[in-house]
Amino acid sequence: MKMSRLLAPTLREDPKEAEVVSHRLMLRAGMIRKLAAGIYTFLPLGLRVLSKVSAIIREEMDQAGAQEVFMPALLPAELWQETGRWGIYGKELFRIKDRHDREFCLGPTHEEIITDLVRNQVRSYRQLPLTLYQIQTKFRDEVRPRFGLMRGREFMMKDAYSFHANDASLEEEYRNMFKTYCRIFDRMGLNYKVVEADSGAIGGGFSQEFMVLADNGEEEIFYCEKCGYAASRESAGIGKYKGTATSVAGSVVKEIHTPGQKTIEEVSAFLKVKPEQMIKTLIYETEKGAVAALVRGDHEINEAKLKKMLGVEDLKLADEKVIEKITKAPVGFAGPVNLKGVRILADQAVTLIEDGVTGANKKDHHLMHVAYGRDYKAEVVGDLRFALHRDTCPKCEQGHMAVTRGIEVGHIFKLGTKYSEKMKATYLDEGNQEKTLIMGCYGIGVGRTAAAAIEQSNDKDGIIWPMAIAPYLVDIVPANTEEPEQMRVAQDIYKALGREAVLDDRPERIGVKLKDADLIGFPVKVIIGKALKEGKVEIKLRKTGEVKLVEVGKAAEEVAKLVG
Ligand SMILES: [Zn+2]
């Protein structure tokens, strides 16, 4: 490609709307342009990156035995109503009506559609297992689309779904996909971690996320420095605490007047006690009744863990009326001592507080010198809070956890029968019995992966692409296009290198051309300038800045070796 012909409108200034590096650099490098909030056009360089990412995914998925299909983006409401997600999905679902007033949505994910396809086309265990995938545009009506390709309203995804006769077969395919994903991200040259994750809205059983590590990544990753355990903040476990409180509070429980002091901060300042001495008591309502959850004042409760401990689906903080009914006091004075009529669950750290402070279940009063076991008990003691830096690893129970940041680019799930049961997707087993299909699902954000690669690797001058997904591998830059000899050599090298090369034939100053080259992030530059007098050209690597002088005749061969 000749640079003079390439539609790559680079920008010198940082665009105001861009909050993250990848967004800023993709705009500046002329790879994307915004059409509307969260909706982008891919220019030639941006599309080449997407195509390379897609090609690697396609090759590896095919290699793994998955078959590519292409489902519509416009989806009838009826299928979504079968699983109940038409109601659950809320405002993020783009809903539309056709001229006959029939309801549709623009697909954010395709579990319902693929399950419908398979229940109609697969009858027998002989057709299983089956893994289908597609690379397609998805839609999500984000409240606040931002971060460019990171959180758009229209985005490209690879989504795959597998169907099985039994759990062992699902397990096998899940592992197959795990390995396939590792190969995909390895080939792309990305530094990533696989973390245990909360399944969120898609639901089902076990899931893992593939996170590209980046300093400004949107999510925290907790990992064990000893055994390699890694998990998202949402699902990071904490090792069991050893031992119990070494001594209980010396004096008996004392009631203290704390007028108007409700929050942990207010009470700890008022009573001059540390937040870690306080027992935070949170009242929740669930479909199985109200519960009180206890965490240390300086800890944050993890509602996902509480839900799991209780085995409930619905969990929300109780409103004032319920709290008053249960604690006989206004909000802000709840405590576990003499709390009746609710189940009490405690985070393990709470039971180790030696000289606790908590609400007295009485307006404007707190209790001091409270001790677990003596003054109150919990029905269940376990892990109920968000993990913190240096917490003990839940897996090896020896290492400590460190925190890093990352961007989710892939997610693999064992769905089980969550969708197939509701949609009556069945098959006939060897005994001609009708059985429910067991499912897995596996996603990769295609545009997100490209953006994550930039977040992971860039400098003040621009993007540093991994070789495998760079828009072009080589930029050939003659210092002065007026010099016929420079242009002749440039043309020769350009011809020899073929489709992965760009020839910067613009009548611009060399400085301008090199700035653009660094911004776009071509992994290799061939600079044809002063050294040509000695019959040499400069080969410069974007990643390391390393420069090599090579003979003109060997330049193409040398570059081919570098980009191999
Ligand atoms: Zn560990």
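User: In this predicted model, a residue is partly exposed when the number of other C-beta atoms within 10 Å of its own falls between the cut-offs of 12 or fewer for exposed and 20 or more for buried. Into which class does Lys328 fall: buried, partly exposed or exposed?

Analyst: Lys328 lies in the loop between helix 9 (320–327) and strand 17 (343–347). It has 15 C-beta neighbours inside 10 Å. Because that count lies between the two cut-offs, Lys328 is classed as partly exposed.

User: What is the approximate phi of Lys328?

Analyst: Lys328 is a residue other than glycine, and its phi is positive. The value is near 60 degrees.

User: Which class of exposure applies to Asp364?

Analyst: The loop between strand 18 (356–359) and strand 19 (365–370) holds Asp364. Asp364, a residue other than glycine, has a positive phi near 60 degrees. Its C-beta neighbours inside 10 Å number 16, so Asp364 counts as partly exposed.

User: Where is Pro129 placed, and what is the form of the peptide bond that leads from Leu128 to Pro129?

Analyst: Pro129 sits in the loop between helix 5 (111–121) and strand 7 (130–139). The bond from Leu128 to Pro129 has omega near -5 degrees. Its form is cis.

User: What percentage of contacts in the chain between residues at least 6 apart in sequence join residues at least 24 apart?

Analyst: The chain contains 14 helices and 31 strands, and of its 564 residues 41% count as buried. For contacts between residues at least 6 apart in sequence, the share joining residues at least 24 apart is 71%.

Note on methods: Residues numbered from 1 in each chain as written. Predicted model: local features only at pLDDT ≥ 70, side-chain atom pairs only at ≥ 80, totals over all residues. Helix = DSSP H or I, 4+ residues; strand = E, 2+ residues; numbered from the N terminus. Contact = placed C-beta atoms within 7 Å.
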